[in-house]
Amino acid sequence: MIRKIRRRSNIVSNPDEKKIHTYQDWLTWDGTWELINGKAYNMSPAPTSLHQFIVGELHFALRTFFQNRSCYVFVAPFDVFFSESEDYQSPDHVTQPDLSVVCSKEQISKNGCHGAPTIIIEVLSPSTALKDFNEKFNLYQKYGVQEYWIVDPGNRTVHVYALQDGSYQVRHLYTEQETIQSIVFKELQVPMNKLFSME
């Protein structure tokens with residue numbers, strides 16, 4: 001909501017992907033963009049059918065698991081704001097994870113999540129793979145996302161990372177016939193074959 005209100009008073013524009021930008025710039029951009037370390041990342045083109053199927057299966061599994069717990073599951077498009085100074089009027093970074101699990105209701109605002117969700121899941125697309133493994137990995141680690149899953153449809157694998165002493169030291173790689181197990185929520189398990197049953 002905030003973005004749309006602000007945009008009325010600004011000229012809608014497209015960012016220069018080679019320049020360094022601020023949150024105030026981000027508010028004016030047309031379309032769906034992420035802002036990481038001042039760089040603009042376009043969220044189009046639309047994801048593939050398999051990507052959306054995997055997101056749907058994971059969303060269902062997470063919603064089922066968390067329905068009687070005090071955590072909230074959000075599916076993209078959903079903005080997550082990160083701020084060095086905890087000033088969410090002007091955050092430093094904005095990402096739009098495929099799935100976010102937020103376990104503190106105070107973090108949820110009408111325009112997204114302020115600060116690190118407990119779990120973030122990204123499902124790779126060819127255009128996002130490098131960003132998800134590099135820029136987002138470092139960003140989520142730095143700001144304290146406790147658990148980060150990277151689902152790789154091409155290789156039918158899932159990487160699960162968990163924070164230990166401030167960095168993603170706990171790492172598990174799940175392959176096709178295995179069951180993914182959350183590190184933060186030990187009872188949360190998702191069979192891998194469910195994710196790829198469309199193919």
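A disulfide is a pair of cysteine sulfur atoms within 2.5 Å. The model used here is predicted, so local features need pLDDT of at least 70 and side-chain atom pairs pLDDT 80 or more, while totals for chains, interfaces and linings use all residues. Residues are numbered from 1 along each chain as its sequence is written, and side-chain values use heavy atoms, with hydrogens and water left out.

**Exercise 1.** Find the disulfide and describe its geometry and its place in the chain.

*Solution.*
1. Start with the count: the structure holds one disulfide.
2. Its partners are Cys71 and Cys103, with sulfur atoms 2.0 Å apart.
3. Now look along the S-S bond: the angle about it is 105°, and the link is right-handed.
4. Next, place both ends, taking helices (H or I, at least four residues) and strands (E, at least two) as DSSP runs numbered from the N terminus. Cys71 sits in the loop between helix 3 and strand 3 (72-75), and Cys103 in the loop between strand 6 (99-102) and strand 7 (108-109), so the pair joins distant parts of the chain, 32 residues apart.

**Exercise 2.** Sort Cys71, Cys103 and Cys113 into buried or partly exposed.

*Solution.*
1. Recall the cut-offs: buried is under 20% relative accessible area, exposed over 50%, partly exposed in between (1.4 Å probe, protein chains only).
2. Cys71, at 9%, is buried.
3. Cys103, at 25%, is partly exposed.
4. Cys113 is in no disulfide; the nearest cysteine sulfur, that of Cys103, is 10 Å away. With a relative accessible area of 0%, Cys113 is buried.
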